[in-house]
Every structure is written in structure tokens, then in C-alpha cells.
Amino acid sequence: MHERIGRTPGGRLAPERDRFRRANDELGSRYAELSAEGVVPFICECADERCTRVASLTLDEYAAVARTPGRYVILPGHEHDDERVVHRDDRYAVAEWREPERAV
Ligand SMILES: [Zn+2]
């Protein structure tokens, strides 16, 4: 089943952004298998498709972001104008994609 495809800020299509999320989910389960402790690197999920930077989060921090739809783990400062930053510290930020108010 396919969900309706939306467009995220900065022109990155949701499926492209989801690719980063899947990679991060995979990283997360691998870290969990290794019983990683403390902060571990996750790929920045910002709207810039060429961004390959990493943000450091604990597994718990990442899980909290990943289970909320529309939220992305990014590096501080990588947020797009259409996104609201719901968390920011010196290691990582959480951007929330604001749904457009009217459908196209
Ligand atoms: Zn980025």
C-alpha cells in the first residue's frame, strides 16, 4: 500500500527524505544490537539532499524523534524556513515539518 506522497521543504520529496530515515532506523537497530551507549552518529535528515553531515544523539533521543511523524533529526542550523524547530541543543536539533494549510 502506498501512502499519499507529499513534498517536504526545500524540494526534497518525502520518499527521498524517507530514505535517510530508513538508513537511520537501520543504524539505530544496529547500535541497539551492539548495545551502544551514549551518543552515536545519525545522518542529518535536513531538506538538503546533498547534506551528508551527521548529528549525535543517544538511541533514546533518536527513538523519541523517529516515533513522531513529520519530525526529523537535523544538525542545529539545518532547519528550513517551512520547518519549526521543536528542540535544539549543541548536538542536534529536531525539525517539525508544518503541513501546508491548504492542499494543492
Ligand atoms: Zn543537514
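## Contacts and overall make-up

Among the contacts in this protein with a separation of 6 or more, 41% join residues that are 24 or more positions apart. The model is a predicted one, and everything described below should be read in that light.

The protein contains two helices and five strands, which follow one another along the sequence in the pattern α-β-β-α-β-β-β. Of its 104 residues, 25% are buried.

## The three-stranded sheet

Strands β3, β5 and β4 form an open sheet, arranged in the order β3-β5-β4 and paired in the antiparallel sense. The edge positions belong to β3, residues 71-74, and to β4, residues 83-88, each of which pairs on one side only. On average, neighbouring strands of this sheet are turned by 30° against each other, with direction ignored. In general, the strands of a sheet pair through backbone hydrogen bonds, in either a parallel or an antiparallel manner.

The antiparallel pairing of β3 with β5, the strand of residues 93-97, runs over four bridges. Within this pairing, Tyr72 has Ala95 of β5 as its bridge partner, while Arg71 has Glu96 of β5 as its own. On the other side, β4 and β5 are also antiparallel and are joined by five bridges, and the two strands form a hairpin with four residues between them. Here His87 is bridged to Val94 of β5, and Arg84 stands opposite Glu96 of β5. Glu96 is therefore a bridge partner of Arg71 and also the residue of β5 that Arg84 faces, with both statements resting on strands that count as paired if DSSP finds at least two bridges between them.

## The nonpolar core

The largest nonpolar core has 16 residues, and those that touch the most other members are Ala55, Leu57, Val73, Ile74 and Ala95. At least two residues of this core come from each of β2 (54-57), α2 (59-66), β3 and β5, with β5 giving the largest share, namely four residues. Strand β5 is itself mostly covered, since four of its five residues are buried.

Ala95, one of the core residues named above, is in contact with Tyr72, Ile74, Glu79, Glu83 and Val85 when its neighbours within four places in sequence are left aside. Another residue to consider beside Ala95 is His80, which lies in the loop between β3 and β4; the C-alpha atoms of His80 and Ala95 are separated by 8.4 Å, although the two residues are 15 residues apart along the chain. His80 has 17 other C-beta atoms within 10 Å and so is partly exposed, given that a residue counts as buried if 20 or more such atoms lie within that distance and as exposed if there are 12 or fewer.

## The two helices

In α2, the buried residues are Glu61, Tyr62 and Val65. Seen down the axis of α2, these buried residues fall within an arc of 95°, so they line one face of the helix.

Arg19 is found in helix α1 and counts as partly exposed because it has 15 C-beta neighbours inside 10 Å. Between Arg19 and Glu45 there are 9.3 Å in space, C-alpha to C-alpha, for a spacing of 26 residues in sequence.

## Exposed positions

Ser35 sits in the loop between α1 (14-33) and β1 (40-43). The phi angle of Ser35 is near 50°, which is a positive value in a residue other than glycine. Because only 7 other C-beta atoms lie within 10 Å of Ser35, this residue is exposed.

Arg98 belongs to the segment after β5 and is exposed, because 12 other C-beta atoms lie within 10 Å. Despite that exposure, Arg98 touches Asp82, Glu83 and Arg84, not counting residues up to four places away in sequence. For the pair Arg98 and Glu83, the C-alpha to C-alpha distance is 5.8 Å, with their positions 15 residues apart in sequence.

Notes: Residues numbered from 1 in each chain as written. Predicted model: local features only at pLDDT ≥ 70, side-chain atom pairs only at ≥ 80, totals over all residues. Axes fitted to C-alpha atoms, helices over the stretch in contact; angles between N-to-C directions. Contact = placed C-beta atoms within 7 Å. Core = buried A, V, L, I, M, F, W, Y, C linked by C-beta atoms within 7 Å. Arc of directions from axis to C-beta.
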